[in-house]
Amino acid sequence: MNNNLFWNLVLKDLRLYRIMIGVAVAAGMMALTLLPQGSIAFFVGSSLALCALIILLITLVQMAVIGERKSQTHYFMLSLPITGRQYVFAKIVAMAFAFFVPWLLIGGGALLLISLGPVKGFIPFAVTVLMYFPLYFACVIAAAVARKAEAWSMGVIVFFNIAINMFIPGLLRIPSVATTANGPVAIWTPELLLVLAIEIVTATAVLVFALWSQGKKTEYL
Amino acid sequence: MNSELHISQADRRPMYLQIMEQIKHRIAVGDWPPGTEIPSIRALAAATHVSVITVKRAFTDLEREGVLVTRQGKGTFVAEQVNLTHARHHEELQGHMQAAVSAALQMGLSEAELEARWRATVEKSRRKEP
Amino acid sequence: MTQFAFEIDQVSKTYPFFALKDVSLRLECGQILGFIGPNGAGKSTTIRILMGLLHSESGNVRVLGLPMPQQQVAIKQQVGFVSSDMQLYQQETVEWHMNWIAHVYPQWDAAYANELLKRFNLHQPQRIRDLSQGERMKVLHLLVLARRPRLLVLDEPTAGLDPVARHEVLAEVTAMMQDEERAVLFSSHYTQDVEQISDQIVFIDRGRIVASQDRESYLESWRRIVLDTPLGYVPPALRALVAVQQTVHSAVLTVNAFDENLLSLLTHGGATVRRVETMTLEEIFVSSVMANRNGGQP
């Protein structure tokens, strides 16, 4: 593998995403400032932070997947000394950096603030919500890689955007979560751990499947 | 040495013929005196923006006519025995013949009729000779 | 040194409404191959298989002596590809693309690149989105020419270019051929350009190779023969006869395997030859395709 070119491609994509990343991190940080300021502010701030992450993901998918196909730049890229497989992998790696660095900053910042505050019981719940995103990311990547039609990627995005609105309240309805989330101590209930495990395993499986299936391709157009 | 020759897109004749004509013209006017080395096939093709095979064909035919000589490993040269005026006369003759043929075709003469006329003209001028 | 710039051997690819069948073509180093065919004939498909963008269902492909697609990375280091449906990054500048490519290819010739900038009348700070289609093609050419590839694959390279730009591109392509180790695949609808610079002509129609010859003998074998014909003249059924246009007293015959004996065969029925014309590649192209469509000889 031409390592130099591979990282050049990753950096080139990151450069294209730089404004998006900056805006998302800035918005997320501003949202985080609301967290310690009372329960309504906490709700608003955390909603905004999640919004920032979702919008970042949507925009990245738009640019990386749909935009590149429309703009036909992949012909140019595929004429370079790389395989189609390396090209797609470089795109995935760049997208992963572009999303998960802000995710770590915003999510990590949120967890830090919560752990400094009185309601530490919220931490397991917050972690479970944050781990929704790797699954979301993996599914979008899989859709983009497996299917040429944009409708699939868009479909996955719509699904996960709607689902999160049911996922979060749904988690809070679990009796053990409801009782411990507002408490002063972080308690990892078995139900939360199960959800967490499902999220991680599914995300990994989907991602591995996506990478494996794109290796089978006979066309990179 | 200026290698560039000119291909006229308006000229319907095959390109290799145009190239042959221009090489002969260059020789005739003295750009390339007898015995001088002329640019290689590839150099001429590149300078004239035509395919190598076209120039190769022109060179082959010119060698057959005795206008050019290729020396193994050394290059292609204008033949020593090429008569300057000789080459130019051939050009002029070709021009005359071209004009005659065009005129005949314009008039609607068939190739057979033109040939017949030609033979008649040759006969006539032969009879005129003292 | 490898003798062939590429060898495509019995390659096939099937699509719902089109199939490439047993396509073979090869190009010797030091030559330009003119690849022509009507729209949808399979030119772009063949070229994409050559460049490893598509995998063929059968046959094999070797480029610069290496198997494609297995060694596509090594191959593409030495091959330049320009296609009219290629796009660059709209928001970036000419300079950004030049630097990026120079980074990727160690054989980038900066001096030559600057010379090409001038010749193509391009400017480094220009953004791609502000360029016309023709200017974008020129940038693509610059990016490919300046790294001096051993094989240049051009798919409709002069589409959208003004006559000056076309002239410049053809000049650069023919200049490349001073080096016997290099080769060019030139696929274009501009038959005049193909005719001018190609050493070999390969003609593809409906997924099959219809003709593959050196340019000189290909053009030499086609003629349009104008005959004065007697009433009721029927041209002989010859394989070389591609098309016939008849009026009461004359006939125009298009043949694809001309020699002097043919003329005597044609005049057998009392017809006389009025004129024998050579044909341009464009005329041959149209004749061929029309005959193929009418079920005749291509």
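Which of the 2 pairs of chains in contact share the most contacts? I began my notebook with this point, and found that chains B and C hold that place. I note at the outset that I am reading a predicted model, and I keep that in mind in each entry below.

**Entry 1: which chains meet**

I looked next at chain A and chain B, which do not touch, and whose nearest C-alpha atoms I find 26 Å apart. Chain C, by contrast, has a contact with chain B, to which chain C gives 23 residues and chain B gives 16 residues. On the side of chain C that touches chain B, I listed the elements that supply two or more residues, and they are helix 6 (163–176), helix 7 (191–197), helix 8 (215–220) and strand 14 (272–277) of chain C. I then sorted the residues on that side of chain C by class, and they come out as 8 nonpolar, 8 polar and 7 charged.

I turned to the contact between chain A and chain C, where I count 19 residues from chain A and 19 residues from chain C. The elements of chain A that give two or more residues to this side are helix 1 (3–32) and helix 3 (73–78), and helix 3 of chain A gives the most, with 4 residues. By class, I find 9 nonpolar, 8 polar and 2 charged residues on the side of chain A that touches chain C.

**Entry 2: confidence in chain A**

I checked how far the predictor trusts chain A, and its mean pLDDT is 87, with 95% of its residues at 70 or more. Within chain A, I see the lowest confidence in helix 8 (residues 175–181), at a mean of 83, and the highest in helix 4 (residues 84–116), at 92. I add a general caution for my own reading, that predicted coordinates should not be read in detail where pLDDT is low.

**Entry 3: the build of chain B**

In chain B I find 5 helices and 3 strands, and from the N terminus on I read its elements as α-β-α-α-β-β-α-α. Of the 130 residues of chain B, 25% count as buried. When I took the contacts in chain B with a separation of 6 or more, residues 24 or more positions apart accounted for 60% of them. The domain assignment divides chain B into domain 1 (15–78) and domain 2 (84–128), and I note that the C-alpha centres of these two domains of chain B lie 27 Å apart.

I stopped at B:His49, in the loop between helix 2 (41–48) and helix 3 (52–65) of chain B, as its phi is near 60°, a positive value in a residue other than glycine. Is B:His49 buried or exposed? I count B:His49 as buried, because it has 20 C-beta neighbours inside 10 Å.

**Entry 4: domains and a sheet in chain C**

For chain C, the domain assignment gives domain 1 (4–215) and domain 2 (223–277), and I find the C-alpha centres of these two domains of chain C 40 Å apart.

I then followed an open sheet of chain C in which 4 strands stand in the order 12-13-11-14, with antiparallel pairing. Strand 12 (241–246) and strand 14 of chain C are at the edges, where each has a single partner strand, so one side of each is left without a neighbour in the sheet. From one strand to the next, I note a twist that averages 20°. Looking at one pair more closely, I see strand 11 (residues 223–228) and strand 14 of chain C run antiparallel, joined by 5 bridges, and I find C:Arg224 opposite C:Glu277 in strand 14 of chain C.

**Entry 5: two backbone details in chain C**

Which residues of chain C does a cis peptide bond join? I find this bond between C:Met68 and C:Pro69, with an omega of about 10°, and I place C:Pro69 in the loop between strand 5 (66–68) and helix 2 (72–76) of chain C.

My last stop was C:Arg148, in the loop between helix 5 (133–145) and strand 7 (151–155) of chain C, where I note a positive phi of about 45° although the residue is not a glycine. With 17 other C-beta atoms within 10 Å, C:Arg148 is partly exposed.

Definitions and conventions:
Residues are numbered from 1 along each chain as its sequence is written. Chains are lettered from A and ligands numbered from 1 in the order in which they are written. This is a predicted model: local features need pLDDT of at least 70, side-chain atom pairs count only at pLDDT 80 or more; totals for chains, interfaces and linings use all residues. Two residues are in contact if their C-beta atoms, placed from the backbone, lie within 7 Å. Ala, Val, Leu, Ile, Met, Phe, Trp, Tyr, Cys and Pro count as nonpolar, Asp, Glu, Lys and Arg as charged, and the others, Gly among them, as polar. Domain bounds come from an automatic or database domain assignment. Two strands pair if DSSP finds at least two bridges between them. Axes are lines fitted to C-alpha atoms, for helices over the stretch in contact, and angles run from 0 to 180 degrees between N-to-C directions. A residue is buried if 20 or more other C-beta atoms lie within 10 Å of its own, exposed if 12 or fewer, and partly exposed in between; C-beta atoms are placed from the backbone. pLDDT is the predictor's confidence in each residue, from 0 to 100.
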